[in-house]
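Reader: Hi, I'd like a close look at one part of this model. Keep it informal, please.

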Amino acid sequence: MADPVKQGNGTPPVLQLLGVSKYFPGVIANEDVNLDVRPGEILGLLGENGAGKSTLMNVVTGIYQADAGEIILDGYGAEFATPQDAIRAGIGMVHQHFKLVPAFTVAENIHLGWSETPKRTSRAVLEARTRELSERFGFPVDPAARVETLSAGEQQRVEILRVLSREARLLILDEPTAVLTPQETRELFTALRAFRAKGNAVIIISHKLDEVMEITDRVTVLRAGRNVGTWATADCSPNMLAATMVGHDIQRQDLHARSGDAAPVSTAPVISLRDVTVRNDQNVVTLSDVTLDIFGGEIFGVAGVAGNGQRELTEILTGLITPSAGTILLDGQAAPSGAAAFAKAGVGHIPQDRLNSALAPSLGITDNMAVREYDRAPIGSGVLYRATEAHALAETIAEVADVTIPDFSMPVRNLSGGNQQRLVARREMRIARRLLVAAYPSRGLDIGAIASMHRYFASLRDEGVAVVIVSEDLGELLGLSDRIGVLCGGRMMAVLDSITADSEEIGLLMGGRTSGASVQTEALT
Amino acid sequence: MSRFQRFPTAPARRILVCRAIAILVSVIVVSLLLAMSGRNVGELAHLVLTSTIGSRFGLEDLALFMTPLLLTGGAVTVTRRMGLWNIGGEGQFYLGAAGAAGVGLFIHGPAILILPLMALAAMLCGMIWILLPALARAFADVNEIITTLLLNFVAGLLVYWLATGPWRDRVTGALASTERLPVSIPDLWGVVHWGFPLALLIVGGLAAIMSSTRWGYEVRISGASAGMARYAGMPVRVRIISAMLLSGALAALAGMFEVAGTVHRLQGGMADNFGYLGIVVAVLARGSCLAVIPAAFLMALILDVGIVLQTQQVAATVVLAITGLVLLLVAIADECAHYRVVTPATGRTVRKAS
Amino acid sequence: MTRTFPVLRKNALLLPERRRFLKGAGSLAAGGLLNPLAAHAATPILSLPPVKEEDALVAFGHTGPITDGGWDTAHDMGVQAVRKAFPRLRTVYVESVPYSADATRIFRQFVAEGANMVLGTSNYGDFIKDVADRAPEVAFLECDGTSVTRNLGWYYVTHWYPSYVIGIAAGLMTKTNRLGYVGTFPIPSVFASANATLLGAQSVNPACTMQAVSTNSWFDPQAATQAATALADSGCDFLCGITDEPAYLRVAESRGLKAAMWNLDMRRFGPNAYVSSVMLDFAPFYIEQVRARLNGTWKAAGNFLTMAHGVDRDIWGQTVPENVRTQADAMRDRILAGYSPFQGPIRDNNGAIRIPAGTTMNDMAIYQWDWGVQGMTGLG
């Protein structure tokens with residue numbers, strides 16, 4: 001790890017917040033927050049979902065205006081009426097959801113809404129300028145590529161380059177590694193260190209404590225909208241940070257232990273895949289000859305680097321796609337066709353992209369909670385849909401999910417990601433009599449929420465339901481699953497007993513056991 | 001310290017208030033423009049009021065205007081719920097009128113039998129007319145805006161051809177329209193026929209279908225999120241086709257009401273842009289079926305005011321300009337409804353937010 | 001002089017044709033067999049009470065914009081003459097009244113605003129009749145209309161007479177013996193116009209034939225130009241027609257041909273090609289009808305505006321030879337004296353005799369003409 005550039009004591013912080021407060025009607029989002037970022041450092045900003053991290057960063061970037069307190073930039077007071085003011089002041093933010101125009105090229109996205117974009121220009125000029133920027137800041141991009149064709153990591157590079165090209169001296173990243181592969185994460189960190197080495201500052205919001213420990217110089221923790229402290233990262237441990245975030249010590253539960261009255265692992269598989277192969281629209285094999293039995297009362301983990309067939313496997317298991325070859329058996333019978341039939345047969349599904357796949361963002365909570373049960377009593381009755389019953393169901397789900405909802409007709413997109421995830425999880429658990437398939441269930445959640453999500457899965461397992469969890473986090477898989485299957489290039493490399501498996505072995509399998517195996521394991525430890 | 005702040009949602013009441021202000025502003029702008037062109041705004045306003053909502057005659061006209069607007073507005077709203085646009089209301093209106101006229105002209109019998117038969121024939125014709133765009137949308141992902149729009153021109157010419165060719169008025173030797181239909185929708189109140197309360201009922205029924213049937217729920221989900229519809233295994237293609245067929249049937253029914261209630265003959269040009277105005281109504285109604293009723297009323301009022309202004313030597317294009325102005329200001333109002341004055345409520349914590 | 005047709009029961013069956021049908025196609029009123037309201041036609045004519053000039057309101061509904069330079073401009077000139085003749089009278093008008101339920105609304109609004117007399121300058125059929133039936137105290141007049149009720153009458157120009165006179169000039173001036181006709185829609189007023197011109201030409205030059213083209217629009221200069229060019233290419237050296245604008249006159253001018261026009265004097269668009277025009281003048285008729293309404297002597301009737309009383313040929317163009325003018329004007333004089341040139345035998349373009357020898361087509365029959373005469377192609 002490169003040393004931060006040493007600064008004299010007289011150098012003011014790049015950004016200093018003094019007593020910043022932000023209120024929404026009836027809600028305190030931030031109160032009396034003090035925070036400073038110095039030149040040449042990377043500051044980690046931690047907090048549970050809803051701790052006020054995003055609001056605070058929106059204040060810093062001029063999207064919201066503080067109701068009280070001061071923003072001090074390089075020692076001088078500053079006020080940002082608009083995001084443009086903040087950009088001009090050298091503050092750039094990369095949001096978790098990229099704000100790029102998919103149909104435009106990289107060069108066009110970089111130059112969009114930028115005062116320095118030449119008035120009369122051409123494609124070639126824009127691309128040349130982009131190439132120059134990309135070299136200057138050390139973020140390699142293909143200027144002519146259309147953004148929609150890029151991977152998440154490449155899109156993030158474009159976003160960061162876009163921010164840096166506006167002469168940003170303070171870069172704010174909101175959960176930057178959530179969508180990245182380990183390799184991409186490593187590349188990002190390398191670039192961030194180079195950016196820091198030039199005397200710039202970075203604020204990074206993350207839930208992944210290991211990454212926070214790796215990349216940051218200091219850590220500020222927010223809880224309930226207030227700053228509970230700032231520490232040098234060297235003085236912190238992941239456990240201490242986690243405890244600070246939630247306000248109490250996290251008890252690591254051994255989730256392998258079954259409760260006394262837990263249902264035993266079933267003798268017959270709940271779902272079986274026999275030589276299942278999936279080809280995508282381009283006729284490329286994305287899942288190859290997978291044969292698998294999953295039993296009731298077990299948690300089956302799926303490990304692998306993203307994009308190695310996980311999506312296809314979850315969609316096969318939930319009836320969203322049909323195999324190009326091979327058969328699926330549900331409780332020993334040929335599986336019905338279609339996702340609705342799978343759901344009816346007791347298969348729940350927590351997909352990777354909750355907001356767009358499992359929810360209708362613009363519709364109310366009630367409509368979103370009814371989607372699995374609208375066709376059965378008491379909500380469905382003949383051709384009818386009973387809105388009052390649907391509302392009662394939504395209230396029930398919100399209550400067990402421990403989500404407070406002021407208005408059930410409010411669009412579900414207005415809920416935080418964590419609350420969306422809780423609601424989807426509870427909705428799916430209600431119908432998962434046989435099987436629950438959860439893809440990246442802890443992504444975007446804070447530690448407390450992850451722990452309760454894991455308890456959900458364990459209790460479901462104890463009821464005799466089969467649970468399939470897809471995750472990139474080997475620790476999560478090893479701590480929770482009974483067996484772990486490793487996917488690489490659409491092939492099920494091996495199915496291991498998680499008690500005896502070690503992460504080294506799994507890492508090798510994820511890398512296809514051959515080239516790059518060592519790289520993979522390094523990224524995952 | 002208080003300031004304006006944009007909120008992600010706007011409550012219906014705020015939207016209503018903002019829209020009322022928008023309509024008031026458009027009235028003021030129109031009045032100013034008329035005053036600047038040297039007209040006596042007071043007299044004009046009096047005339048406009050008495051000729052629209054201030055007299056039985058005006059109210060009759062409003063109801064007649066609203067009848068087709070309710071149905072074509074409802075037709076577009078149904079597809080909006082599915083995330084689609086039916087721009088072909090005009091064509092389906094024509095086909096509905098043609099289907100109804102065909103039954104009325106060539107099948108003779110008591111009105112009590114013939115009128116429902118005309119309505120059925122109209123809806124069937126409207127559904128046939130939108131079937132191709134619906135199938136193309138569902139199975140080939142062909143943009144329904146283009147296909148439905150282009151079929152409007154075909155439908156318009158088809159009706160011209162019918163009315164001036166095979167179905168022309170042979171009794172009188174006229175070439176421009178069919179004979180007068182032997183049956184008509186009975187009058188209810190002055191020139192207002194029973195189509196008006198029926199159209200209101202249909203829109204109400206539509207609202208009930210949308211909010212209280214499984215079909216309506218599936219259309220709502222499919223329209224709001226294709227991803228979720230796929231995830232839940234909803235039959236999206238079937239819903240696209242059924243929503244579009246329903247839309248076509250509604251617009252066609254508007255044509256039947258117009259031909260059997262108001263015009264009494266099939267003739268070219270009779271659709272009077274009601275199909276296109278239905279889009280405006282649907283936009284004003286913001287996808288809500290019940291809101292189609294006030295939206296259709298507002299549109300009818302604008303059209304009626306336009307007629308009054310025309311007789312006061314204001315050009316017909318002014319009506320278009322007023323419609324555009326109202327739409328623009330309503331759009332601005334909808335956006336303004338998201339902004340609220342925020343005063344820091346220090347100390348009154350209810351819950352934390354992210 | 002205006003020939004007034006007494007209201008007879010048979011009028012309900014004698015259904016002539018409207019002029020502007022495809023602009024929206026008003027439906028014909030009448031339908032005596034079907035429409036119980038037609039029974040009004042048999043009721044005794046009652047006159048409406050007189051109105052003081054300063055209290056009266058007369059309303060006009062035009063089919064197009066009054067600036068179209070043709071049909072609607074001609075009507076508006078009549079409106080202006082009314083204003084001049086009755087300076088204290090209030091007049092209002094609406095342009096571009098569509099052939100839809102909107103027409104009914106506009107006429108209803110006229111009534112609601114207190115109009116004593118409402119004129120529709122095109123055939124609005126039921127749209128005007130429905131209003132008239134509900135407003136018995138208001139006088140209604142419909143141009144190119146068909147129904148006569150207690151308070152609704154119609155009027156139309158007998159444009160076939162000047163067309164016949166201009167046809168004589170065409171027959172004398174054509175060298176190829178082929179006349180071209182830029183038609184709009186295959187409707188009776190177009191049949192009457194084209195047939196009359198061809199019959200006039202054949203009366204002096206029996207070898208004359210006519211090629212007609214329908215553009216399906218009253219106002220489409222581009223289509224009219226294409227049609228005229230095609231006619232010229234096929235050997236026609238004399239163009240006539242019934243459009244609202246002078247496109248085919250320009251074609252004739254540039255190709256060195258001759259052309260006869262409609263509605264108004266259009267010689268400025270092609271001074272060398274211009275022969276004459278079917279000139280419309282509604283001013284005397286409008287003044288007379290308004291005066292009758294004010295005096296309380298107005299009666300609903302069907303009115304033909306006759307030669308020199310509302311319709312005539314325009315002053316001959318500068319290139320029309322003296323002998324042509326003399327010969328054509330001789331027929332004009334005979335018509336003015338009461339002669340009708342529309343006498344049998346007249347054959348249709350299949351060669352069958354439609355009007356036997358010794359029979360004269362009266363104006364009503366011409367008003368409903370729906371077949372082409374011998375020598376006509378492209379129409380009927």
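How far apart do the end C-alpha atoms of residues 58-302 of chain C lie, and what percentage of the span is helix and strand?

Author: The two end C-alpha atoms are 19 Å apart, with 42% of the span in helix and 22% in strand. This is a predicted model, where local features need pLDDT of at least 70 and side-chain atom pairs count only at pLDDT 80 or more, while totals for chains, interfaces and linings use all residues. Residues count from 1 along each chain as its sequence is written, chains are lettered from A and ligands numbered from 1 in written order.

UniProt's unreviewed entry labels residues 58-302 of chain C "domain: ABC transporter substrate-binding protein PnrA-like"; such annotations may be inferred rather than shown by experiment.

Now for the sheet in chain C. Seven strands (DSSP E runs of at least two residues) make an open, mixed sheet, ordered 13-11-10-9-7-8-16, where pairing takes at least two DSSP bridges. Strand 13 (311-313) and strand 16 (376-377) of chain C are the edges, each pairing on one side only. Strand 11 (residues 274-280) runs antiparallel to strand 13 of chain C, joined by three bridges, and there Leu280(C) sits opposite Val311(C).

Helices (H or I runs of at least four residues) pack on this sheet too, with contact meaning backbone-placed C-beta atoms within 7 Å. Helix 4 (residues 160-173) of chain C touches strands 7, 9, 10, 11 and 13 and makes about 175° with strand 11 of chain C. Angles compare N-to-C directions of lines fitted to C-alpha atoms, for helices over the stretch in contact, from 0 to 180 degrees. Helix 6 (residues 221-233) of chain C touches strand 7, strand 8 (209-214) and strand 9, at about 165° to strand 7 of chain C.

Conventions
Two residues are in contact if their C-beta atoms, placed from the backbone, lie within 7 Å.
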